[in-house]
2 protein chains.
Amino acid sequence: MRFSKIDLFEGISGDDVGKMMCCFGATFRRFKAGATVCDYAGDGDEVGVMMYGRAAMTRTDEDGEIAVLELFDEGDIFGEVLAFANENGDSVRVVAESDCEVMFIKYSQITKRCENACAHHSRLVSNMFGLIAKKTLSLSRRIEILSKKTTREKLLYYFRILAKRYGDEFYLPMSVTRLAEYICADRSAMTRELSSMQADGLIELQKKKVRLIKAV
Amino acid sequence: MRFSKIDLFEGISGDDVGKMMCCFGATFRRFKAGATVCDYAGDGDEVGVMMYGRAAMTRTDEDGEIAVLELFDEGDIFGEVLAFANENGDSVRVVAESDCEVMFIKYSQITKRCENACAHHSRLVSNMFGLIAKKTLSLSRRIEILSKKTTREKLLYYFRILAKRYGDEFYLPMSVTRLAEYICADRSAMTRELSSMQADGLIELQKKKVRLIKAV
DNA sequence: CTCAAAATGTTGCATTTGCAACATATATAT
DNA sequence: ATATATATGTTGCAAATGCAACATTTTGAG
């Protein structure tokens with residue numbers, strides 16, 4: 001078992017993580033690609049931690065239309081309280097995108113003070129806050145993007161975020177189709193806008209490689 | 001001091017809250033309406049708790065354009081890790097909308113285990129998770145709304161959320177102008193759409209009173 | 001390799017929307 | 001009460017966008 005790449009356990013040695021598992025009531029389960037990892041129907045006191053593999057949180061509405069709400073990679077955490085709002089009765093599920101393994105921890109056990117030798121419990125709580133904060137940040141970042149009025153402004157705002165992290169030349173971290181879903185724009189209209197932005201000298205595009213041209 | 005209405009301290013008696021204050025390094029400050037409560041410039045290890053009054057988180061961009069990111073009422077918490085993404089260098093601040101009092105707690109003190117008689121520490125951590133979860137939920141709800149393609153769909157989705165909570169007849173919890181900002185639509189275009197929805201028999205509007213007509 | 005499925009790119013057209021420029025109503029301060 | 005600022009409602013018009021229909025490329029499974 002490799003805990004070293006899991007942010008939730010950062011700062012806690014593998015041995016200690018192993019010892020902590022029992023008082024968390026942690027369980028491990030493996031899933032084949034395509035399998036349902038969990039179904040949010042109002043049950044969940046559990047937090048899932050992706051040990052390896054990928055999964056997607058999806059919402060299926062009454063018309064059978066499937067929307068991808070979030071993607072989880074190794075180390076990411078998910079759970080009902082962290083789930084997307086599900087005000088109507090649509091089915092929200094986490095589905096394995098590849099073979100994967102998930103650790104489930106009881107939510108209530110994380111917050112409880114631990115009677116055993118869990119010296120690192122507070123570190124875990126702190127890490128958990130950090131992960132939720134990260135998630136909050138990515139949600140608010142998306143709101144910032146969606147609040148832009150035009151597709152061009154949305155793309156530029158998003159590209160500037162990427163450029164700040166990776167430099168003026170970077171690779172899109174997702175497919176064009178997914179990008180269109182992410183910024184909630186029609187895929188063909190977005191492609192049209194990308195061409196137009198290139199024509200206007202704002203960006204250069206080669207496949208997924210983007211170069212953001214600085215304004216002079 | 002009234003702690004009874006503050007969700008962060010739910011399940012903890014006023015006396016015990018008072019005792020816990022010292023080990024949190026809590027400080028209290030009062031602000032006049034219009035005063036700056038805090039400025040997010042990368043400092044913050046602090047969480048703010050609104051004891052009474054209202055405040056708004058705002059972003060001011062390079063053109064001096066002010067956008068309201070979030071509103072805080074009594075009991076709400078805010079802090080840098082909970083703040084909106086601020087990728088560009090815009091100034092993000094919390095500004096008092098009325099006279100108010102804010103309690104500041106060191107973030108790191110909440111996660112630390114407490115040596116003193118803070119038997120309720122874990123309850124506090126649990127409450128803190130709950131509050132962050134609530135915030136996450138409201139962010140994702142807004143994303144759901146913004147992801148709708150047309151203004152009509154955005155409004156209907158939002159109205160259905162309100163109808164689920166308050167019944168088919170309810171009052172808008174904000175001004176029309178603020179609603180337009182919330183759903184990121186032009187105010188006049190939104191008003192136009194509201195009229196059109198009323199003409200199409202989807203809703204009835206009287207000032208801020210909305211009645212959602214069920215589809216037959 | 002071969003084939004099918006998924007992703008990508010392009011375009012015309014109708015609809016939606018932002019924007020500007022108003023008129024009117026309501027709230028707030030003095 | 002009066003004045004001033006803010007909120008609300010309306011409309012024409014140009015721009016942006018979703019949508020559909022299609023061609024082409026890339027990916028992935030067998």
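In this predicted model, helix H6 of chain A contributes the most to the surface near DNA strand C, with five residues. Helix H5 (176-182) of chain A and H6 of chain B also belong to the elements that give two or more residues to that surface. In total 20 residues lie around DNA strand C, and those that come nearest are A:Thr177, A:Arg192, B:Thr150, B:Thr151 and B:Arg192. Sugar and phosphate make up 46% of the atoms of DNA strand C that come within 4 Å of the protein. Sorted by class, the residues of the surface near DNA strand C are four nonpolar, eight polar and eight charged.

For DNA strand D the element that gives the most is H6(B), again with a count of five residues. At least two residues each come from helix H6 (187-199) of chain A, helix H5 (176-182) of chain B and helix H6 (187-199) of chain B. Around DNA strand D there are 19 residues, of which A:Thr150, A:Thr151, A:Arg192, B:Thr177 and B:Arg192 come nearest. Of the strand D atoms within 4 Å of the protein, 48% belong to sugar or phosphate, and the rest belong to bases. The surface near DNA strand D is made of four nonpolar, eight polar and seven charged residues.

The polar contacts between protein and DNA listed here involve bases as well as phosphates.

| Protein residue and atom | DNA atom | Distance |
|---|---|---|
| A:Arg187, polar side-chain atom | strand C, base nitrogen | 2.9 Å |
| B:Thr151, backbone N or O atom | strand C, phosphate oxygen | 2.5 Å |
| B:Arg192, side-chain N or O atom | strand C, base oxygen | 2.7 Å |
| A:Asp186, polar backbone atom | strand D, phosphate oxygen | 3.0 Å |
| A:Arg192, side-chain N or O atom | strand D, base oxygen | 2.7 Å |
| B:Thr177, side-chain N or O atom | strand D, phosphate oxygen | 2.5 Å |

Arg192 of each chain appears in the table: the side chain of B:Arg192 is 2.7 Å from a base oxygen of DNA strand C, and the side chain of A:Arg192 is 2.7 Å from a base oxygen of DNA strand D. A:Arg192 is also among the residues that come nearest to DNA strand C, and B:Arg192 is among those that come nearest to DNA strand D. B:Thr177 reaches a phosphate oxygen of DNA strand D through its side chain, whereas B:Thr151 uses a backbone atom towards a phosphate oxygen of DNA strand C.

Turning to the protein fold, chain A holds six helices and 11 strands. Of its 216 residues, 45% are buried. Among contacts in chain A with a separation of 6 or more, 71% are between residues 24 or more positions apart.

Chain A has an open sheet of three strands in the order S9-S11-S10, with antiparallel pairing. Its edge strands, S9 (169-171) and S10 (203-206), each pair on one side only. Neighbouring strands of this sheet are turned against each other by 20° on average, direction ignored. S9(A) is joined to S11 (residues 209-212) of chain A by three bridges, and the two run antiparallel. Within the sheet, A:Tyr171 stands opposite A:Lys209 in S11(A).

Chain B likewise has an open, antiparallel sheet of three strands in the order S9-S11-S10. Here too strand S9 (169-171) and strand S10 (203-206) form the edges, each pairing on one side only. From one strand to the next the twist averages 20°. S10(B) and S11 (residues 209-212) of chain B pair in the antiparallel sense over four bridges, and B:Glu204 stands opposite B:Arg211 in S11(B).

Terms used:
Residues are numbered from 1 along each chain as its sequence is written. Chains are lettered from A and ligands numbered from 1 in the order in which they are written. This is a predicted model: local features need pLDDT of at least 70, side-chain atom pairs count only at pLDDT 80 or more; totals for chains, interfaces and linings use all residues. Side-chain values use heavy atoms; hydrogens and water are left out. A residue is near a molecule or strand if one of its heavy atoms lies within 4 Å of it. A polar contact is a pair of N or O atoms within 3.5 Å; within protein, one must be able to donate a hydrogen and the other to accept it, and residues adjacent in sequence count only if both atoms are side-chain atoms. Ala, Val, Leu, Ile, Met, Phe, Trp, Tyr, Cys and Pro count as nonpolar, Asp, Glu, Lys and Arg as charged, and the others, Gly among them, as polar. Two strands pair if DSSP finds at least two bridges between them. Axes are lines fitted to C-alpha atoms, for helices over the stretch in contact, and angles run from 0 to 180 degrees between N-to-C directions. Buried means under 20% relative accessible area, exposed over 50%, partly exposed in between (1.4 Å probe, protein chains only). Contact means heavy atoms within 4.5 Å.
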